[in-house]
Amino acid sequence: MTYASTLLGLLPGGRRAPGIGQLVSKLESYLPPDQVDRVRDAHEYAEAAHRGQKRRSGEPYITHPIAVADILADLHMDGATIAAAILHDVVEDTGASTEDVTERFGREVAELVDGVTKLDQVQFKSRQEAQAESFRKMLLAMVRDIRVIMVKLADRVHNMRTLGAMPPPKRRLVARETLDIYAPIANRLGMHSIKLELEELGFKALYPKRYRVIEREVKRARGNQKEFLPKIVKNLGQALERAGIKGEVEAREKHLFSIYAKMRRKRVPLEEVIDVFGVRVVVPTVDDCYRVLGLAHGLYRPMPGRFKDYIAIPRVNGYQSLHTTLFGPNGMPLEVQIRTSEMHETAEDGIAAHWRYKAGETGPGERQDRAREWLKNVAQLNEASAEEMVESVRLDLFPDKVYLFTPKGDIMRLPRGATCVDFAYAVHTDVGNRCVAAKVDRRLAPLRTVLRNGQTVEIITARGAKPNPAWASFVVSAKARASIRQYLRNLRRDEAQDLGAKMLNQALDEFGLSLRKLPDDRLDQVAAYLGLRDGKDLLEKIGLGERLAPLVARRLLPRESDMPPGGPQVPLAITGTEGLVVSYARCCHPLPPEPIVAYLSSGRGVVIHRDNCPNVAGFGKQPDKWLPAVWEKQPQRAFHAEIRVHVANRVGVLAQVAAQIAANESNIEHVNVADEGDDTSVLTFEITVRDRPHLGHLIRTIRGMPDVLEVERSVNREP
Ligand code: MN
């Protein structure tokens with residue numbers, strides 16, 4: 001017995017809740033004994049846990065989980081799903097914990113129960129179409145096992161069947177949610193029979209008057225069709241028999257909600273939707289389908305443009321059938337659906353048809369593979385909508401999005417791993433820039449908290465608050481990242497300008513000047529001369545070390561107001577006491593009074609090279625980066641130099657050379673020893689000297705030592 005066959009004829013009347021005995025015998029018809037035992041065990045556990053609890057109808061609470069399990073048993077779902085259905089409310093509504101459930105029923109069942117419990121905790125608040133769509137996606141994204149959704153749908157079906165016990169406002173709310181959220185999810189998963197029941201019950205609860213009007217009209221129409229419909233079924237059946245095709249022909253039920261939806265969608269009067277015959281033909285093979293199509297078109301004239309081949313091109317949810325509309329008796333349209341029994345199963349139960357338990361299979365993996373395979377095929381056949389399919393039916397795909405609520409109930413979609421700061425920026429850039437704290441599910445949480453599906457996030461802002469540079473290390477959304485980066489860029493610019501102004505004032509001070517004493521537009525003039533946007537830009541460049549403050553200061557002096565074109569002519573005087581802004585190249589270790597040039601190194605200030613340094617060869621390529629420079633008188637500081645000493649391998653030779661260096665008033669900063677062969681080694685000393693004559697004297701002294709073969713001053717290729 002399939003779910004659909006129990007559904008037909010029983011709608012919309014109520015039914016008695018099934019007992020556990022009835023459920024067990026249903027399970028015994030398709031599940032192995034050990035799986036049935038587990039369900040019995042689950043029932044015992046749930047029965048005890050819910051003892052004393054009653055539903056609003058007055059029935060014992062346990063009747064609800066049994067009914068939910070029964071719906072899933074009609075879909076032939078596996079033992080784990082049935083057990084989870086029986087246990088689905090124990091964690092939420094009783095003292096039982098997830099650990100208890102895991103210990104007694106295993107991880108698989110416990111995870112299913114946990115999934116349903118989590119779904120129950122998110123509340124749909126808004127009624128906009130787009131929000132409903134997002135909410136559906138959120139629910140699907142939250143489950144890692146699609147069976148969780150199946151339990152949830154069955155739960156909703158039973159709650160809808162027993163909705164009459166609820167007060168009217170609550171009834172409408174649940175009905176609205178059913179139509180907006182759960183029926184479309186069932187449809188998305190191809191679970192047609194579940195979808196139909198949810199729609200019929202939701203429609204009835206939400207619009208009782210409209211429901212009654214359509215119900216009455218459908219009854220009337222059915223009376224009119226009584227005369228013709230059996231004849232049509234018989235004609236088609238005989239045509240099949242003559243062609244030797246084994247198939248079933250049956251009249252199709254019209255569902256009230258779909259009639260209502262069609263009226264609204266196509267803006268047609270009720271009669272036009274109702275006065276249609278509906279017939280379905282189910283045959284063994286795909287080939288039979290197309291043959292039956294031909295037979296049907298032979299019996300009744302087809303309406304042009306109404307044939308749809310959903311076998312070749314299935315619907316997004318995997319639905320397959322041939323649809324055609326014929327001119328029936330009395331000129332009434334006759335809608336015919338033709339499909340194989342396999343397609344019929346999928347058409348009724350969708351993904352559940354693939355998840356259902358089959359005798360002899362080894363485990364849930366097999367069912368999962370079947371369902372995945374089906375999804376994949378569907379996705380392939382619907383190339384255009386494959387992405388949509390994959391996005392909305394997550395199955396076991398790891399979702400890469402999280403769905404979150406604002407306190408007002410709006411849904412925000414963010415990348416997985418998103419934090420409160422990402423959320424704040426998603427709400428608005430200003431909210432992000434001024435956020436100081438966050439509440440996640442009404443509890444204060446650090447801003448770096450990683451958010452999970454379904455959480456409600458409230459961002460607390462403060463006037464004057466600023467983004468924290470540390471946020472950049474944990475935000476994941478593009479918007480947050482870009483906003484923080486933009487803010488830091490501006491911040492860096494402001495700071496660099498402040499620093500640049502300070503450096504320039506310091507440099508101007510040497511000439512008894514300051515920025516304030518200069519004419520207003522002087523800085524802008526110099527900036528323009530240097531090819532920069534304005535004075536602020538120039539200050540920023542100074543602060544970042546891309547321009548030298550002393551040099552700019554001299555340009556600002558009144559006597560140089562008639563600046564010659566073609567760049568600076570006055571060489572930069574190096575005193576050796578400039579501090580960090582001036583450094584000496586490690587490649588050539590310039591010493592006074594050797595000829596030098598200055599290189600403007602972005603971020604490092606000025607670097608002094610010897611003018612014969614091999615790295616200065618690049619001079620011509622970047623003329624604006626190089627400045628002529630000279631040593632100022634006698635610089636009062638020590639300079640670095642590097643010498644290489646080739647020595648014979650004798651004990652104590654390193655100590656002797658080092659002692660000689662020290663005796664010549666030089667400090668050794670670093671030494672390196674390398675073998676050159678069996679007999680000789682190279683000692684590389686990094687030393688400090690006063691100037692070139694000092695170094696020359698030192699080299700000559702060392703060269704005169706007994707075990708020293710050669711001494712040379714090093715020049716490195718690396719700057
Ligand atoms: Mn429930």
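## A salt bridge within one helix

In this predicted model, K118 forms a salt bridge with D114, and the closest N and O atoms of the pair are 2.8 Å apart. Side chains of opposite charge can pair when their charged atoms come close. Both K118 and D114 belong to helix α7, which covers residues 98-121. The two residues are 4 positions apart, about one turn of the helix.

How accessible is K118, buried or partly exposed? K118 has a relative accessibility of 42%, so K118 counts as partly exposed. Its partner D114 has a relative accessible area of 26% and is partly exposed as well. The cut-off for buried is under 20% relative accessible area.

## Salt bridges between separate elements

The structure holds 34 salt bridges. One of them joins R156 and E177, with the closest N and O atoms 2.6 Å apart. This pair links distant parts of the chain, with the two positions 21 residues apart in numbering. R156 sits in helix α9 (residues 146-161), while E177 sits in helix α10 (residues 168-188). R156 has a relative accessible area of 8%, so R156 is buried. E177 is also counted as buried, because its relative accessibility is 15%.

Another salt bridge is formed by R650 and D707, whose closest N and O atoms are 2.9 Å apart. Where in the chain do R650 and D707 lie? R650 is in the loop between β16 (639-648) and α27 (653-663). D707 is in the loop between α28 (692-703) and β19 (708-713). The two are 57 residues apart in sequence, so the pair ties together separate parts of the chain. D707 is buried, since its relative accessible area is 14%.

Salt bridges can also share partners: R252, K262, R306 and E335 are joined into one network in this way.

## Contacts of R713

R713 is located in strand β19. With a relative accessibility of 17%, R713 counts as buried, because the limit for that class is under 20%.

Which groups does the side chain of R713 contact? The R713 side chain reaches the backbone oxygen of H589 at 2.7 Å. The side chain of R713 also makes a polar contact with the side chain of E594, at 2.4 Å. R713 therefore combines a buried position with a contact to a backbone atom and a contact to a side chain.

## A positive patch on the surface

Four residues, R265, K266, K308 and R315, gather in a patch of positive charge on the surface. Among them, R315 is found in the loop between β3 (308-309) and β4 (322-327). R315 has a relative accessible area of 36%, so R315 is classed as partly exposed. A residue needs over 30% relative accessible area to be part of a patch, and R315 passes that cut-off because its value is 36%.

## A nonpolar patch on the surface

The surface also carries a nonpolar patch of about 280 Å², made by L654, I668, V671 and V673. Which element gives the largest share of the patch? Strand β17, which covers residues 667-675, does so with 3 residues.

I668 is placed in strand β17. The relative accessible area of I668 is 35%, so I668 is partly exposed. That value is also over the 30% needed for membership of a patch, which is why I668 can be counted in this one.

Terms used: Residues numbered from 1 in each chain as written. Predicted model: local features only at pLDDT ≥ 70, side-chain atom pairs only at ≥ 80, totals over all residues. Heavy atoms only, no water. Patch = residues over 30% accessible without salt bridge, like charges linked within 9 Å, V, L, I, M, F, W, Y side chains within 5 Å. Areas by Shrake-Rupley, 256 points an atom, 1.4 Å probe, with all protein chains shown as cover. Salt bridge = Lys/Arg side-chain N within 4 Å of Asp/Glu carboxyl O. Buried < 20%, exposed > 50% of the residue type's maximum accessible area, 1.4 Å probe, protein only. Lys, Arg positive; Asp, Glu negative; His and termini not counted. Charge placed at Lys NZ, Arg CZ, Asp CG, Glu CD. Polar contact = N/O pair within 3.5 Å; in protein donor to acceptor, adjacent residues only side chain to side chain.
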